[in-house]
Structure formats: structure tokens, C-alpha cells
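Please open the structure in your viewer and keep the selection panel at hand. This short tour says what to select at each stop and what is found there.

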Amino acid sequence: MSSLTEMVAKAHASGDYNGLIELIPYAQVIGVNCERFGDEMVFRLPRNPDNLGNPTLPAIHGGVIAAFMELSAAFQVLLQTSTPELPKIIDFSVDYMRAGLDRDTFAMCQLERQGRRVTNCSVIAWQEKRTEPIATARAHFLVKPVDS
Amino acid sequence: MRNPEIEARCQRFMDALAHIRKLGLRVIQADERRVTLVLPVQEQLSSGKTNTYLLGGALTTLIDTASAVSTLCVLPEFEIAPTLDLRIDHMKAPTHSRPLYIQAECYRTTRSVMFTRATVYQTAVDDPIAFGIGTFMRLGTEVVDPKMRAVVEGEIDSYDADYPPVAKQEGAQ
């Protein structure tokens, strides 16, 4: 068993995912964290003045929202597929629906298709209501098969 | 041809964004259509325990920012142009010990929409790390916050400064 697989198992057992978040520096820079509710993972980007872009509203920088969603997807793939390595991003696409205001942002991911090497993941990000997303995204990741 | 006025305007816009100040993004050069930025090597992005996906997410912010900044090169007057969508294709993993450069171009502008494309590279622009395609919506100059416009046009130093600028009083002690 690889050390990453062990880390994932330990995180699931303890409910503390910070050790995994620390693997990706930018996830720490913007302050991503996650919590498990039954089988569902909810990712959270706490309100942080360093994440703001346009000072007028003020609004969270669009790039930060996209990065939060991409990293959420990467962690979801990692947590759900027991891959021995961090997934590699192939492509990413985001649609922005509403401005992300200066408050907590949440994201949930769904693995739409898990192939042998490539996994497709969709992401929805919201602040007030999940039915009123601030953005939706999808990504493809190259995932190392468990048995190789 | 480099345009120092546009370069300064792009940098002032970026400096007004808290997150971009945190990342230390700098304008290398800009003209009436495209901009080149650099994301310097920095401790906060290199402290990872693995080499895979080390700059995960940071590239996305870089591409989003450069694409938005490229719209400033084209617009005669500052406008707020929110991103409608952004798509990124990753060609290869970046080397974390080198700065990341990005060239972004706003290649088509209509009354309502602006289209951008961007290339991220480390050694040369023809050896790409990632490509980004973005679409921005023009909201027009009438909805621009006058204070933000003043920051971008260099009339005041920062968004925290007084606006309208307080005139220096003659003869004041």
C-alpha cells in the first residue's frame, strides 16, 4: 500500500483531511478544507480577505473560485478512487453564474465516469443555496490504476 | 510594440486585487491586444510534499487573471468584464523551481462579449504548459465603480485611498 493510500485511509477514519490538503500548496494558500457527511464530501473555502479580487463588491477573485473547484475535484478523485498517486489534471472548464461574495463558499463534486485511466468529475460551487450556484465546473483527471 | 501606458494600467488593475498582490503577479509587457505576466517562484507555492500537481490550482488563477487583464489592453476605457467561462487544457506539468509566464490575448471584442486565449510557459511560448480560452461579458462603462476606475487609470494610488482625491491645501502647515 502506498503512503498516499494510507493517508487517505487514515483521513477517512479520523475525519481529518488537513494532511491531504497540505499536499497541494495552493490549496493551503487559499484555505480549502473539507468535511465528510456520511458518504458525501463537502469542500469549503472559508471567507478570506486575501482571496478577494474586485474590491468594489467586494468579490472573491474568479481564479480563486475556479482553483477551489478544481482542487475540490482533485481531492474528490483522490478520496474516492484509492489511487496511489495524486490525480493529474488533463483539462478543466468552468462556467460562472454569479459573483462570489466575501463569504464562505462551498463545493460538492460528482465523479460522472471512472474509466481505467481517466476520470470525469463535475463540480458545483455555491454560497447561500446549492440551487443557486455561483459556478459549475468539470474536469478530467489522469488517474493511476490501483493495481499498477 | 510594447505600450508602457497599457503596461502600467494592467499592473495598477492587478495591484487593486488582494489575491493578486498575495501572489505577486507582475506585468512583463503589454500592447493593444496582449499581455505577458509572470508568477514568480515563491515559498507559499513550493512547500508541498509531493512533486505531482504541485502548482495545482495556481495555474488556474494565473490563467483567469491574465485573460481578464488582456481585456484591459483592448478596452479604450476601463470596464468591469466578468468572466462567463474559462477552459484550460494542461499540456504538461510545470517545473516548480521556475517562474511561470503567461501570454494572454483578447482576440475578439463585440459590443457584449470579449474572447481571450492564453498560453502558459516556462522556457518558451512554443513549449506550452497549458492553454486557456476565456469569454468575458462587457457590462459597459456606466456601471464602473468610479473609485476602481480611478485606481486603474492611476488617479489614486490604491482602493483604500480617498476618492475623490483630497486636494493638497496651499499654505497648510
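How do the residues of the lining of the largest pocket divide into nonpolar, polar and charged? In this predicted model, that lining is made up of 22 nonpolar, 9 polar and 4 charged residues.

Begin with the pocket itself, whose volume is about 730 Å³. To centre the view, select A:Asn54, B:Ile80, B:Ala81, B:Pro82 and B:Thr83, which are the closest to the pocket's centre of the 35 residues that line it. Next, colour helix 4 (62-81) of chain A and, in chain B, helix 3 (58-74), strand 3 (83-90) and strand 6, since each of these elements supplies at least two residues of the lining. Helix 3 of chain B gives the most, with 5 residues.

Stay with strand 6 of chain B, which covers residues 128-137, and select B:Met137 within that strand. B:Met137 counts as partly exposed because its relative accessibility is 38%. Adding B:Leu84, B:Leu139 and B:Val143 to the selection completes, with B:Met137, a nonpolar surface patch of about 310 Å².

Then turn to the enclosed spaces, for a search of the whole structure finds 2 cavities of 30 Å³ or more. The largest cavity holds about 70 Å³ of space, and its lining, which includes B:Leu39, B:Gln42, B:His96 and B:Arg98, has 7 nonpolar, 3 polar and 1 charged residues.

Finish at the second largest cavity, with about 40 Å³ of space, where A:Leu45, A:Asn51, A:Asp102 and A:Arg103 are among the lining residues to select. By class, this lining has 4 nonpolar, 3 polar and 3 charged residues.

Conventions
Residues numbered from 1 in each chain as written. Chains lettered and ligands numbered in written order. Predicted model: local features only at pLDDT ≥ 70, side-chain atom pairs only at ≥ 80, totals over all residues. Heavy atoms only, no water. Patch = residues over 30% accessible without salt bridge, like charges linked within 9 Å, V, L, I, M, F, W, Y side chains within 5 Å. Areas by Shrake-Rupley, 256 points an atom, 1.4 Å probe, with all protein chains shown as cover. Salt bridge = Lys/Arg side-chain N within 4 Å of Asp/Glu carboxyl O. Helix = DSSP H or I, 4+ residues; strand = E, 2+ residues; numbered from the N terminus. Buried < 20%, exposed > 50% of the residue type's maximum accessible area, 1.4 Å probe, protein only. 1 Å grid on protein atoms, 1.4 Å probe; cavity = no way out; pocket = protein on both sides within 12 Å on 5 of 7 lines; lining within 4 Å. Points joined across faces, edges and corners; volume = space filled by probe spheres on them. Nonpolar A, V, L, I, M, F, W, Y, C, P; charged D, E, K, R; others polar.
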